[in-house]
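I opened my notebook to look into cysteines, helix packing and the core. Here is what I wrote down, entry by entry.

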Amino acid sequence: MALDKLFSESIVNRDDHVVLGCKLRPLSLWHATLLELINSPLWHGNRGVTITDLRLATAICSGSWPEYRIPSGLALVWWSLKTRKANLAFEAAKFSAYIRDFYAPPMLWEKELEKANGPQLCSLPQPLDMAAWLIRNGLSEDRSWSMPIGMAHWYYVAFARHRGAEIDLVSPGEQEAIEQVKQKRLK
């Protein structure tokens, strides 16, 4: 049986990602939460990216759980001067490559949800739900929030399956067929 390429991608990552002169740490649930919190276009792709967006995302992803480093005062002025002539498109592309390197969750078949009767519970934010599940299954809080995000997703799915959840992963062969269909649509 072939090893899932998304799984492989989740455990084999580069450690040399540098954007705007800052070394980025492995993309984690913590970073994803902060990028989500600021509605970063580098995370969502929902609008054009500005140098300020890139500086903020870079500052977040160069920090570690449970801290984040947002330059302020003289440090912000210095960093702004240092990066004012940066090639935004080139640096944003490097940040996108960083996300692609680490964000490789398993591909799952979506099931049709049955309509539930009775009151609906509010769902937890996904990063919190994942971190809580990882902690419940024996990983430390620090490890759960700071491990590479792709790996966190794979552990989350594996733990859920071991606990009896009915989760159907898309097989490597099915992933290849899906990719071929996508390529045909682009032609």
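**Disulfides.** I searched the whole structure for disulfides (pairs of cysteine sulfur atoms within 2.5 Å) and found zero. The sulfur of Cys22 has its closest cysteine sulfur in Cys61, 11 Å away, which is too far for a bond. I also noted that Cys22 is buried, at 16% relative accessible area, and that Cys61 is buried too, at 0%. Buried means under 20% relative accessible area, with a 1.4 Å probe and protein chains only.

**My ground rules.** This is a predicted model, where local features need pLDDT of at least 70 and side-chain atom pairs count only at pLDDT 80 or more, while totals for chains, interfaces and linings use all residues. Residues are numbered from 1 along each chain as its sequence is written, and side-chain values use heavy atoms, leaving out hydrogens and water.

**The core.** Next I looked up the largest nonpolar core, a set of buried Ala, Val, Leu, Ile, Met, Phe, Trp, Tyr and Cys residues joined through side-chain atoms within 4.5 Å. It has 36 residues, and Cys61 is among those with the most contacts inside it, as are Leu29 and Phe95. Helix H9 (149-162) is one of the helices that supply at least two residues each; its share of six residues is the largest. Helices here are DSSP runs (H or I, at least four residues), numbered from the N terminus.

**Leu29.** Which residues does Leu29 contact, leaving aside neighbours within four places in sequence? I listed nine names, among them Pro127, Leu134, Trp145 and Ala152. Contact means heavy atoms within 4.5 Å.

Terms used
Buried means under 20% relative accessible area, exposed over 50%, partly exposed in between (1.4 Å probe, protein chains only).
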